[in-house]
Amino acid sequence: MSTSTTAPTLTVQQLGGRIGAVVSGVRLGGDLDAATVEAIRGTLLAHKVIFFRGQDHLDEESHEAFGRLLGTPVAHPTVPSSDGRYSLGIDSDHGGRANAWHTDVTFVPAYPAFSILRAIVIPPYGGNTLWANTATAYTELPEPLRVLADRLRAVHSNEYDYAGVRPSASRELLAKYREVFTSTKFLTEHPVVRVHPETGERTLLLGQFVKRISGLTGADSRALIDLFQSHIERPENTVRWSWQPGDVAVWDNRATQHYGVDDSDDHDRRLRRVTVDGDVPLGPDGRPSTLLTPDSVPAPSYGIPSGASTAP
């Protein structure tokens, strides 16, 4: 583990060769000075996911205030907030067992740039989260696969096989998934390779919300998705975090996938997530992502025009 200092009070300890670092010497909140915010952002872009211990002082307001230092917070496009805030509960009894690799909210065009996850209640064992670096996954591809990936596009949707991901889910959870998470059905076509708007890196854009590779049959589509996804999930590209209450993880959602491990039995696990608005991806050919359905939604965020019906 290497150690370096990026600001007078900010210390960075690298966790893995390709992804992950622990940042200390900072108390997160909305009152950080510009130099510290710039140092945090630079560290985040370099390491893809960064972790802060001992941030127990954060509440809903200060959590969101810190998010605003990185950009514009956005609510989930289909899951309503119970208290009118941008913060979303990631709980063991409400979507907190997402044991599948994914990038947050890729079923909309301008999916979040950053996610900020705060641990409140942690089980006595299990419940770790893994992250994967989708930039190194791309650069480590054999050249013929990189050339192929550069030309592909894929359709993402929030209507996925929830029962397949959660085979033990109750009827009530399955019904809630259909009622809430897919209340508006989104289909968005993204490039399989996007060009990162800040670093210029090329990253693989896949994960749980991918339904198919555009222009291919089901069997061929599935084979290619599995092939590229397997490179993302290689252990060399990943880091695993064992949560403690008060921990905060911040990740670049444009250059990572993550996986919440469902291995804590019936123990309670409660976290809160704030997401920061992103931009519409561009592929290596300069073509942007495209919303296929619906035509628009009431909120103008996520790269979707406002004002029309949300009926699928």
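**Reasoning from values to terms in a predicted model**

Author: Val 210 of strand 13 is the bridge partner of His 156. The model under discussion is predicted.

Reader: What makes strand 9 and strand 13 a pair, and in which sense do they run?

Author: Strand 9 (residues 153–157) and strand 13 are joined by three bridges and run antiparallel. Two strands pair if at least two bridges are found between them, so three bridges satisfy the criterion.

Reader: In what order do the four strands of the open sheet stand?

Author: The order is 13-9-10-18, with antiparallel pairing. Strand 13 (210–213) and strand 18 (290–293) are the edges, because each has a single partner strand and one side without a neighbour in the sheet. On average, neighbouring strands of this sheet are turned by 30° against each other, direction ignored.

Reader: Why is helix 4 called oblique to helix 7?

Author: The two axes come within 12 Å and cross at roughly 120°. Roughly perpendicular covers 65 to 115 degrees and roughly antiparallel begins over 145, so the crossing falls in the remaining class and helix 4 is oblique to helix 7. The contact involves Leu 145, Leu 148 and Ala 149 of helix 4, together with Leu 224, Leu 227, Phe 228 and His 231 of helix 7. The crossing is left-handed.

Reader: Which residues of helix 4 are buried, and how do you know on which side of helix 4 they lie?

Author: In helix 4 (residues 143–151), Leu 145, Ala 149 and Asp 150 are buried. They cover an arc of only 140° around the axis, and therefore lie on the same side of helix 4. Their cover includes helix 3 (134–139), strand 11 (193–195), strand 12 (202–204) and helix 7 (218–232).

Reader: Which exposed residues does the face of helix 4 turned away from its buried side carry?

Author: That face carries Glu 143, Pro 144 and Arg 151. Each is called exposed because its relative accessible area is over 50%.

Reader: What makes strand 17 mostly covered?

Author: Six of the seven residues of strand 17 (residues 270–276) are buried. Buried means under 20% relative accessible area, so six residues of strand 17 fall below that limit.

Reader: How many bridges join strand 5 to strand 17, and how many join strand 7 to strand 17?

Author: Strand 5 (residues 73–74) has two bridges to strand 17 and runs antiparallel to it; Val 74 has Thr 275 as its bridge partner. Strand 7 (residues 114–121) pairs with strand 17 over seven bridges, also in the antiparallel sense, and Ser 115 stands opposite Thr 275. At least two bridges are needed for pairing, so strand 5 and strand 7 both qualify as partners of strand 17.

Key:
Residues numbered from 1 in each chain as written. Predicted model: local features only at pLDDT ≥ 70, side-chain atom pairs only at ≥ 80, totals over all residues. Heavy atoms only, no water. Buried < 20%, exposed > 50% of the residue type's maximum accessible area, 1.4 Å probe, protein only. Arc of directions from axis to C-beta. Contact = heavy atoms within 4.5 Å. Axes fitted to C-alpha atoms, helices over the stretch in contact; angles between N-to-C directions. Parallel < 35°, antiparallel > 145°, perpendicular 65-115°, else oblique. Left-handed = near helix turned anticlockwise from the far one by under 90°.
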